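I am opening a notebook on a structure that is new to me. These entries record what I looked up, step by step.

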Amino acid sequence: MKIIGGPASQALSSRVARELNLEPTVCDFTRFPDGELYTRILDEDVDEVTIIQSIITDSDFVALLQLIDACEDSPVINVVIPYMGYARQDRKFKTGEPISARAIARTINADRVFTVNVHKTSVLDYFNADAFDLDASQLIGYHIRSMGLKDALLVSPDAGAMEFVERTAKEIGYDCDYLEKTRISGDTVTIKTKSIDVQGRDIVLLDDMIATGGTMVESIKLLKGQGAKDVYLACVHPVLARNAVMRLYNAGVRDIISTDTIEKTQSCISVAPLIAATIKGL
Ligand code: R5P
């Protein structure tokens, strides 16, 4: 088995390889003078491969396609997409729109595909391969427990993430609840109500991803206004687009923690053990 890490998942794929006592296969990722991507796998052995590459940018997507194509002689190709960008466009919201998640999935020519807490698991059906979603809730839960917060409450910023938050809270025996969110526009949300008393409690707001930070900014303000002590943010996918980090700190967040499905300074929890255990079980 060869572990091939794409440009967006170099650290994560190295960690997965280490968990499996393998040396990750080194690749060249450069660009032609006109800006096109050049990818080359620097290993000529033909073997079963696991390609690990998040789709954060459009270039990441092209690099993934190039890696899959370069492995055409491999007897088995497993593809791990730790963060699958475009998964939020999992259906047509307006006429004339594409189902972007489907458009991406249809291009992935592999035997098996694995995602990590993909935005909607229904997108797995769009792949022409056996597709599975891995769940990082246990790893995140263990990390939150290791933070040693007293009487902490796990809060979902909306009803949509509640199932994930409940699973995480259950892993570590913490209380949980959720807020009610209404999205006004791409980066504006209003958040109201909740029956929980947060007065004097440490809060960990948990979601599958933080993108513009709009959801979390409003949630932090609401919780702080209701007397919460420290508010921490945790997520699987730290997209943290544009000025999200600064907006979150301005809103009063104590710390932001996430996994390494997207490799950022906040990525203190690795999903490598989850991916490695899955590969081992194949
Ligand atoms: C939405 O359904 C997701 O779970 C996140 O709540 C959302 O993507 C976060 O977006 P933003 O950070 O832009 O508010």
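I began with Tyr38, which I found in strand β3 (residues 37–41); strands here are DSSP runs of E with at least two residues, helices are runs of H or I with at least four, and both are numbered from the N terminus. I noted that this is a predicted model, in which local features need pLDDT of at least 70 and side-chain atom pairs count only at pLDDT 80 or more, while totals for chains, interfaces and linings use all residues. Residues are numbered from 1 along each chain as its sequence is written, and side-chain values use heavy atoms, with hydrogens and water left out.

I then looked up the surroundings of Tyr38. Its relative accessible area is 31%, so Tyr38 is partly exposed (buried means under 20%, exposed over 50%, partly exposed in between, with a 1.4 Å probe and protein chains only). Leaving aside residues up to four places away in sequence, I found Tyr38 touching Asp28, Phe29, Thr30, Arg31 and Phe32, where contact means heavy atoms within 4.5 Å. Thr168, by comparison, lies 130 residues from Tyr38 in sequence and 40 Å from it in space, C-alpha to C-alpha.

Next I turned to the sheets, where two strands pair if DSSP finds at least two bridges between them. One open sheet has five strands in the order β1-β4-β5-β6-β7, paired in parallel. At its edges stand β1 (2–5) and β7 (130–134), each with a single partner strand, so one side of each is left without a neighbour in the sheet. Direction ignored, neighbouring strands of this sheet are turned by 20° against each other on average. Four bridges pair β1 with strand β4 (residues 49–52) in the parallel sense, and I saw that Lys2 stands opposite Val49 in β4.

I also checked which helices pack on this sheet. Helix α2 (residues 58–70) touches β1, β4 and β5 (77–81), and its direction makes about 165° with that of β5; axes are lines fitted to C-alpha atoms, for helices over the stretch in contact, and angles run from 0 to 180 degrees between N-to-C directions. Helix α8 (residues 272–280) packs there too, touching β1, β4, β5, β6 (112–116) and β7, with a direction at about 145° to that of β7.

Which helix did I find crossing α8 at roughly 50°? I found helix α1 (residues 10–19), whose axis comes within 9 Å of that of α8. That makes α1 oblique to α8, given that angles under 35 degrees count as roughly parallel, over 145 as roughly antiparallel, 65 to 115 as roughly perpendicular and the rest as oblique. The residues in contact are Leu12, Arg15, Val16 and Glu19 of α1 and Ala272, Pro273, Ile275, Ala276, Ile279 and Lys280 of α8.

My last entries concern two residues with positive phi. Asn117, in the loop between β6 and β7, has a phi of about 35° although it is not a glycine, and at 7% relative accessibility Asn117 counts as buried. Asp151, in the loop between α4 (137–146) and β8 (153–156), is likewise not a glycine and has a positive phi near 55°; at 53% relative accessibility, Asp151 counts as exposed.
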